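Thanks for sending this one over. Here are my notes, point by point, to read alongside the model.

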Amino acid sequence: MKISAIPLFLLLLLLFSVSFKKQTLLIAFYNVENLFDTEDDPGTNDNAYLPQSRLQWTDSKYRKKLEGIAKVIDVLDPEVAGLCEVENAKVLKALINHPALKNKSYGFVHQESEDVRGIDVGFIYKKQIFKPLFYQSYSVNRSFENINIVSRDILLVKGLQLGDTIHYLVNHWPSRRSGGAKKSEIKRIAHAMLAREIVDSILSTDPKARILLLGDFNDEPWDESLSIMLLAKRKPDKVDENELINPFFELPGNIGSHKYNKKWYKYDQIIISESLEKNYVKKSASVFHPIWLHYNNNFQNGPFRTYNGNKYQGGYSDHFPVFIELAYYY
């Protein structure tokens with residue numbers, strides 16, 4: 001008795017679906033814009049965010065800020081997220097222990113940086129998904145083209161994610177505000193060079209290493225720092241295995257994570273190594289911007305931020321979160 005081709009095909013399809021389960025992870029990055037506590041840190045210039053400062057940063061404003069950021073993370077619900085503009089470990093601990101997030105069982109990684117204002121990057125993760133094995137901060141402290149550059153650290157977190165070894169680099173590159181885009185570009189190139197050195201060091205040990213760079217790069221995907229110095233491309237040239245993939249090239253021109261002078265910018269991005277291409281869910285690179293994250297619930301107004309100049313608005317951040325999805329089969 002012969003089994004026809006069609007039933008056999010269906011049988012194999014059924015066996016495949018039973019044997020393999022798919023789990024999708026959401027990986028996010030969020031510039032939370034000046035998440036400061038209200039205590040004076042004598043080692044940093046955090047004077048703007050104190051109760052007696054010009055901003056009058058009181059405990060009630062701090063608690064409202066925590067509540068807002070916790071709401072964003074609760075709704076977005078990432079398995080792993082990089083954060084920037086956090087003051088210290090204390091605010092990260094308060095964030096993951098907020099009632100909106102406590103039942104999600106987040107852990108966090110943080111190290112103090114040399115930033116003069118005391119704003120750092122941080123890393124949060126669901127403990128049932130990710131287990132940290134090692135972390136280290138890399139200081140951007142170098143002379144480049146006769147300019148001494150001291151800026152925020154890059155945080156490397158290595159861990160097990162659903163059993164696979166993976167490396168996360170959390171970045172917050174220098175702003176364009178100091179002298180404009182062109183004058184400040186050299187600082188972001190210095191950051192790109194350091195990030196590239198870290199990536200190359202990982203790949204030299206394991207050419208198939210799984211690496212993600214999360215960050216507010218203050219440059220867009222096609223700018224020199226990212227596309228040339230970091231080698232983050234639309235899709236890597238198969239001849240050069242060291243190139244990285246930047247899925248945020250996919251975003252339409254009228255979509256961004258930050259708005260300035262009525263123009264949207266794609267400053268916040270998540271970049272992956274070629275070894276993660278098979279896990280990346282195609283076209284999942286996105287900006288998270290529900291209507292309540294916009295000022296006055298109007299998409300044209302941009303992010304609803306905490307302050308507009310010195311005027312307190314009580315919003316969330318001047319950036320929207322971004323995310324990608326990774327699919328695992330087991």
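1. Let me begin with Asp 37, which, leaving aside residues up to four places away in sequence, touches Tyr 49, Trp 57, Tyr 62, Glu 87, Asn 88, Lys 90 and Val 91. Please keep in mind that this is a predicted model. Asp 37 sits in the loop between β1 and α2, yet this residue is buried, with a relative accessible area of 3%. A polar atom of the Asp 37 side chain lies 3.1 Å from the backbone nitrogen of Glu 39.

2. Two of those contacts lead to helix α3. Asn 88 caps the N-terminal end of α3, with a side-chain oxygen 3.1 Å from the backbone nitrogen of Lys 90. Which residues of α3, spanning 89-96, are buried? They are Val 91, Leu 92, Leu 95 and Ile 96. Viewed down the helix axis, these buried residues fall within an arc of 130 degrees, so they line one face of α3. They pack against β1 (22-35), α2 (59-76), β2 (80-86), β3 (106-110) and β4 (120-126).

3. Tyr 62, another contact of Asp 37, belongs to the buried set of α2, which also includes Leu 66, Ile 69, Val 72, Ile 73 and Leu 76. Lys 61 and Lys 65 are buried in α2 as well, which you may want to look at in the viewer. The helix has 18 residues and reaches 26 Å from its first C-alpha to its last, close to the 26 Å expected at 1.5 Å a residue. Just after α2 comes Asp 77, whose phi is positive, near 60 degrees.

4. Now for the sheet. Six strands form an open, mixed sheet in the order β3-β4-β2-β1-β17-β14. β3 and β14 (286-287) stand at the edges with a single partner strand each, so one side of each has no neighbour in the sheet. Both helices lie against this sheet: α2 lies across β1, β3, β4 and β17 (322-329), running at about 160 degrees to β1. α3 lies across β1, β2, β3 and β4, at about 170 degrees to β3.

5. β2 deserves its own point. How many of its residues are buried? The count is 7 of 7, and the strand is mostly covered. With β1, β2 runs parallel, joined by 6 bridges, and Asn 31 has Cys 84 of β2 as its bridge partner. With β4, β2 pairs in the antiparallel sense, again over 6 bridges, and here Val 80 is matched with Tyr 125 of β4.

6. A second parallel pair is found further along the chain. Strand β7 (residues 164-172) has 7 of its 9 residues buried, so the rest of the structure largely encloses this strand. β7 and β8 (residues 211-216) run parallel and are joined by 6 bridges; Asn 171 stands opposite Gly 215 in β8.

7. Finally, two asparagines with positive phi. Asn 34 has a phi of about 60 degrees although it is not a glycine; this residue lies in strand β1 and is buried, with a relative accessible area of 12%. Is Asn 296, by contrast, buried or exposed? Asn 296 is exposed, with a relative accessible area of 58%. Its phi is near 55 degrees, again positive in a residue other than glycine, and Asn 296 lies in the loop between β14 and β15 (307-308).

Definitions and conventions: Residues numbered from 1 in each chain as written. Predicted model: local features only at pLDDT ≥ 70, side-chain atom pairs only at ≥ 80, totals over all residues. Heavy atoms only, no water. Buried < 20%, exposed > 50% of the residue type's maximum accessible area, 1.4 Å probe, protein only. Helix = DSSP H or I, 4+ residues; strand = E, 2+ residues; numbered from the N terminus. Arc of directions from axis to C-beta. Contact = heavy atoms within 4.5 Å. Polar contact = N/O pair within 3.5 Å; in protein donor to acceptor, adjacent residues only side chain to side chain. Expected span 1.5 Å × (residues − 1). Pairing = 2+ DSSP bridges. Axes fitted to C-alpha atoms, helices over the stretch in contact; angles between N-to-C directions.
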